[in-house]
Amino acid sequence: GCNPLAETGRSKLQNQRAVLNQQILKAVRMRAGAENLLRATTNNKVREQVLLELSFVNSDLQILKEELEGLNISVEVYQNAEETFSIPLVPLGLKETKDVDFTLPLKDFILEHYSQDSSEYEDEIADLMDLRQVSSSMAYSEVFQYTVYLFFSMDSANLNTSNIFFPRYDSFTGVPVCQQNLLLEKASILFNIGALYTQIGTRCNRQTQAGLENAVDAFQKAAGVLSYLKETFTHTPSYDMSPGMLNVLVKMMLAQARECVFEQIGLSGIRNEFFTLVKMTQEVAKVGEVYMLVNTAMNQEPVKENIPYSWSKLAQIKSDHYKALAHYFIATILCDHELQPGDDEDQQEKALSQLYDSLPEGLMVLAVLKDKVQRKQLGKAHLRQAIVYHEEALRVCGLCKKLRNIEVLQEVLTAAHKRSLLKYSQQETEDDFLSLTQAPDILPKTEHKIETIAPQFSKVKVKDFFHKLGPLTVFSAKQRWTAPRTICLHPEAGELGFSLKGGSPVQVYCLDPLCSAASAGLKEGDYVVSVGGMDCKWLGVNEVLEKLQSVGKQPVELEVISCQDTAASLHSKSATYSMGMQKTYSLICLAMNEDKIDHTKKAPLKLPFLSWGTKNRQKAASTLCLPSAVAGSSQNKKKLSPFTLLNSESSLY
């Protein structure tokens, strides 16, 4: 996928992913062959040897899967180069692919369907292949251009890709899928756009206001692309694009956007002031809640089997960490802000009551505000709960090998834990044995709406490589045409014997059946594609008439084509139908050496060894709905810590 000559961290990571994908492919092929032999043989000795081989292959696959998971949690590669003191964000890796040669299939199709010299389109086919290759190397603009071309040009008119295999590798498992189906290519490119948005979001500088705004926007766009993919393509034969997995990824991206919003609010420091802390308590409680929902979704079947284990644990850690911050903030409110004579009791009571659904038995909000002992007891209960959450986050982080090696994560969790311990030690401890108050749950609330931003394909301008074939609205691959016919036109007294209508190209109508043009074979409804050897597929009526009039009374040759009647297309919006059913090809398709593939022949149907191959063959392809344009939105090197201002009187941190 990536440029092997590139020396960036992301390119090196993607190159390692590509190598792992090839190793996984080899191991899966070996397992498939062993399973076939196990089903075919009746010799007990052979069966024992095959079972032993299968155990080795499965062990290798498990090791490779763990290595791939290690690449997926290599979040430090994607983070901003500026030193920061923030919990890392998680990006998605790209779906790798192999080079696909469009030359022979497209040249054959152009010759057969349009009756044109396909050698004249070699440069255009090479440009299309180059664009696909570049779009697989993490070049954002090229990925978007290739996507728009797939949706609005390649799909609707000039190209037929039924003889082209499109291989793609699962982003999480590395398992390959190969289909003679453009829909798989479209879905994979959409996934890669969402993945690039996540990488852009993690790369933003989270020490600046503009950087955090860009990160929020990038994660919202990533969620929008993945949501669009989930709603548009169904039954995709790849785990990373299954509805359940995409639903989890959308939730994770929105949670990361919510996390960036909280960091944006506290970027300039959080003042140790009553109403400010109430607002921050609700905001950070919302972050903890959304990460709890993400962690719950990640642990549901069948997503649990394929989602990286470290991602699930990171979501759990963030949920506990931000819940602990919420309890710390409210403890600070209760311990540091006693009700003074000049304070507005009603406003403080109203603000504090919004944080709880219910208080422990015997406590009232106004009484807590006025009674110093009750304030201290409830504040210490919240501090104890904060310490419990911090310790749980540290425990989970220590149990996961991948997360244990992320230094900045350990530093943030440890600093927050020490801060809560310090705050608790500053409170009176004589009555600890008598204090049985349990900290009530905090109600999350936010003033900042986070939602998906749908992709805007219509704003991206692309070049139609096959412009010479004619306007897409007429010269569609869905239409069938006769071969071009040459009509020798002899104007009679300045009259053509017919009229022209339409835009590009022009169409013959009101044909006089007795004129010389009709005798030469011109028919009503023919499209004029050439006048005197000059291509006129893109010319209007006036321009074609000028060309005809310019020759005067001299004979002129016209090239015309006629549209043939075609049967109604079968289920044009779905790739799964009974007649001419789309096929999901097995790993054997990828096992063939490229130099041995006969591109002029279709590969025979193979029984796939993937779990979705035989039982769900009719669900093997994607379902496409036409895209719609939806309106949406688009340095400091100092190491910043949210705890640097801890000892100041005017700031909490």
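Me: Buried means a relative accessible area under 20%, and exposed means one over 50%, with partly exposed in between. With that cut-off in hand, what makes Ser 227 count as buried in this predicted model?

Reply: The relative accessibility of Ser 227 is 12%, and because the limit for a buried residue is under 20%, Ser 227 counts as buried. This serine is placed in helix α7, which covers residues 209-232. Its C-alpha atom is 8.9 Å from that of Leu 249, although 22 residues separate Ser 227 and Leu 249 in sequence.

Me: Leu 249 is also named in the contact between helices α8 and α10. Which residues meet there, and at what angle do the two helices pack?

Reply: From α8, the contact takes in Leu 249, Met 252, Gln 256, Glu 259, Phe 262 and Glu 263, and these meet Trp 311, Lys 318, Tyr 322, Leu 325 and Phe 329 of α10. Of the residues in this contact, 7 are nonpolar, 1 is polar and 3 are charged. Helix α8 (residues 243-265) and helix α10 (residues 309-336) pack at about 35 degrees, and their axes are 13 Å apart.

Me: Which hand does the crossing of α8 and α10 have, left or right, and what is the rule behind the word?

Reply: The crossing is left-handed. The word applies if the near helix is turned anticlockwise from the far one by less than a right angle, whereas a clockwise turn would make a crossing right-handed.

Me: Why is Leu 38 called buried, and which residues does Leu 38 touch?

Reply: Leu 38 has a relative accessibility of 17%, and since buried means under 20%, the leucine falls on the buried side of the limit. Leu 38 belongs to helix α1, residues 9-40, and, leaving out residues up to four places away in sequence, it touches Arg 47, Val 50, Leu 51 and Leu 54. The C-alpha atoms of Leu 38 and Leu 54 are separated by 9.6 Å, with the two residues 16 places apart along the chain.

Me: Why is Ser 115 called partly exposed?

Reply: The value for Ser 115 is 34%, and partly exposed covers what lies between the limits of under 20% for buried and over 50% for exposed, so Ser 115 is put in the middle class. This serine sits in the loop between α3 (103-114) and α4 (122-135), and its phi is near 55 degrees, which is a positive value in a residue other than glycine. Cys 510, in the loop between β6 (507-509) and α16 (516-519), likewise has a phi near 55 degrees.

Me: How do you know that Cys 400 forms no disulfide?

Reply: The closest cysteine sulfur to that of Cys 400 is in Cys 397, at 7.5 Å, and because a disulfide needs two cysteine sulfur atoms within 2.5 Å, the pair is too far apart for a bond. The structure as a whole holds 0 disulfides.

Me: What makes Cys 400 and Cys 335 buried, and in which class is Cys 488?

Reply: The relative accessible area is 3% for Cys 400 and 8% for Cys 335, and as buried means under 20%, both values lead to that label. Cys 488, at 33%, is partly exposed. Cys 488 is in strand β4, and its contacts, not counting residues up to four places away in sequence, are Ala 520, Pro 555 and Val 556. Between Cys 488 and Ala 520 the C-alpha distance is 6.7 Å, over 32 residues of sequence.

Me: How do you know that β4 and β9 pair, and which other strand is joined to β9?

Reply: Pairing requires at least two bridges between two strands, and β4 (residues 485-489) has 5 to β9 (residues 556-561), so the requirement is met. The two strands run antiparallel, and one of the bridges has Arg 485 opposite Val 560. Strand β7 (residues 527-531) also runs antiparallel to β9, joined by 4 bridges, and Val 531 stands opposite Leu 558 there.

Me: What makes β1 and β2 a pair, and which way do the residues of β2 point?

Reply: Here 4 bridges join β1 (residues 166-169) to β2, against a minimum of two, and the strands run antiparallel. Pro 167 has Cys 178 as its bridge partner in β2. From β2 (residues 176-179), Pro 176 and Cys 178 point one way while Val 177 and Gln 179 point the other, and all are buried. The hairpin has 6 residues between its strands, and Gly 174 in it takes a positive phi near 75 degrees.

Note on methods:
Residues are numbered from 1 along each chain as its sequence is written. This is a predicted model: local features need pLDDT of at least 70, side-chain atom pairs count only at pLDDT 80 or more; totals for chains, interfaces and linings use all residues. Side-chain values use heavy atoms; hydrogens and water are left out. Buried means under 20% relative accessible area, exposed over 50%, partly exposed in between (1.4 Å probe, protein chains only). Axes are lines fitted to C-alpha atoms, for helices over the stretch in contact, and angles run from 0 to 180 degrees between N-to-C directions. Contact means heavy atoms within 4.5 Å. Ala, Val, Leu, Ile, Met, Phe, Trp, Tyr, Cys and Pro count as nonpolar, Asp, Glu, Lys and Arg as charged, and the others, Gly among them, as polar.
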